[in-house]
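Me: I would like to learn how to read a few features of a structure with care. Could we take them in turn, with the general idea ahead of the particular case?

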Amino acid sequence: MQQDFSRRKFVLYGAATFTTTLLLKACSSNQTSTPTASSGQERFKIAIALPGAITDQAWNQSGYEGLNLAKQKLNVEVAYVEQVAQADQTEALTDFARKGYNLIFAHGGQFDAAIEQVAPQFPNTFFVGVNGNTKAENIASLRIDHLQGSYLCGIIGASVTKSNKLAYIAGQEFPATQEELRGFELGAKSVNPKMQIISTFTGDWSDVAKAKEATLALISSGVDVIYQWFDSASPAVLQAASDKGVYAFGNTKDQLDIAPKAVLTSAVKRLDIAIAYLAELAQQKQLKGQIYTIGLEREDILSLGKFGAAVPEAIKQNTLKIKQEIVDQKITFVTCQEAGKNTRCIKKA
């Protein structure tokens, strides 16, 4: 009986602590709200819930930077909470909604279920799932066209490999990572149809040990080019590749400087600019309940980073030529059936 009571008390205490943490982080990241004297209206309020640390130099930092860019450009009030575990997603989003935030970003496709649960309870609040795959009257999703970026990386990877074995490794498997994997595969096989692509998902975006172990296992199997998508664990993958003399790709940020001998280029995703763009639409009451997909046509948002010294000039120029063909829609990606399942395929004009 005593044991039961202690466990219940622990749960209640934990919930209270989490709520307090949310409140403290929200307050610490807000700029003091100063209502407009003439209209008496409060400033537009934007919040973001992040699954990892804002200092990861990857996914979560880009989301945090997007919030700050929106604050700077739109003169809005902002708040954030970082390192939100999957079990706490609903509570984090609910907390912001109850505090009257007009627009709430959930920074990762893993938030979709929580958004769908919380949004109907707060019809006057707009929720945006970054990398999400859901939409409703007050729900939008922001998607970078990961397939386009990874397609170009697949071409580069297939052009420099000696083993003809490439790998895709990421934290979790969900629509965005499946799309990126497919793009990498399509790009590689456009160079050599017999190219082998291996995929691995560690189950954690920030676990350095898991990411390094999985990377070393791939290299031991003969893989010599690795496309990775992680948060805090990203540098560990790139450094492991460098230590073993194989190639890799940066993701989200331009990560050439982390491992200059290994990184061929990076799929740079300026989520900060994309987030600020949707925030502006929301402030102007133009944001709609739809999936917003942004590709290479917005070079300020999706592009390739600096090229490593290991990429020959001819391969670089060919990749940039194909990039322009995608922008010009001479190369498009269409839904097709393969092995009885819907997937994406290349269509050339």
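Me: What is the handedness of the link of Cys336 and Cys345, and how many degrees does it have about the S-S bond?

Reply: A disulfide is a covalent bond between the sulfur atoms of two cysteines. Here the link of Cys336 and Cys345 is right-handed, with 60° about the S-S bond, and the two sulfur atoms lie 1.8 Å apart. A disulfide is taken to be a pair of cysteine sulfur atoms within 2.5 Å, and by this rule the count comes to 1. This is a predicted model, in which local features need pLDDT of at least 70 and side-chain atom pairs count only at pLDDT 80 or more, whereas totals for chains, interfaces and linings use all residues. Residues are numbered from 1 along each chain as its sequence is written, and side-chain values use heavy atoms, with hydrogens and water left out.

Me: Are Cys336 and Cys345 buried or exposed?

Reply: Both Cys336 and Cys345 are buried, a term for under 20% relative accessible area, with exposed meaning over 50% and partly exposed in between (1.4 Å probe, protein chains only). Cys153 also counts as buried, because its relative accessibility is 0%.

Me: Where is Ser62 placed, and what does its side chain reach?

Reply: Ser62 belongs to helix 2, residues 59-74, where helices are DSSP runs (H or I, at least four residues) numbered from the N terminus. The residue is buried, with a relative accessible area of 3%, and its side chain reaches the backbone oxygen of Trp59 at 2.5 Å. Leaving aside neighbours within four places in sequence, Ser62 is in contact (heavy atoms within 4.5 Å) with His107, Thr252, Lys253, Leu271 and Asp272.

Me: Which residues does Gly63 contact, beyond its neighbours within four places in sequence?

Reply: Gly63, also found in helix 2, is buried with a relative accessible area of 0%, and its contacts beyond those neighbours are Ile48, Leu50, His107 and Ile275. The C-alpha atoms of Gly63 and Phe105, which are 42 residues apart along the chain, are separated by 8.8 Å.

Me: What lines the largest cavity?

Reply: Rolling a probe the size of a water molecule over the atoms shows where empty space is left. On a 1 Å grid over the protein atoms alone, a cavity is a set of points where a 1.4 Å probe fits but cannot get out, and lining residues have an atom within 4 Å of a point. A search of the whole structure finds 1 cavity of 30 Å³ or more; the largest has a volume of about 50 Å³, and its lining consists of Pro51, Trp59, Gly108, Gln110, Asn131, Phe174, Trp205, Trp229 and Asp231.

Notes: Helices (H or I, at least four residues) and strands (E, at least two) are DSSP runs, numbered from the N terminus. A polar contact is a pair of N or O atoms within 3.5 Å; within protein, one must be able to donate a hydrogen and the other to accept it, and residues adjacent in sequence count only if both atoms are side-chain atoms. On a 1 Å grid over the protein atoms alone, a cavity is a set of points where a 1.4 Å probe fits but cannot get out, and a pocket is an open set with protein on both sides within 12 Å along at least five of seven lines; lining residues have an atom within 4 Å of a point. Grid points are joined across faces, edges and corners, and a volume is the space filled by probe spheres set on the points.
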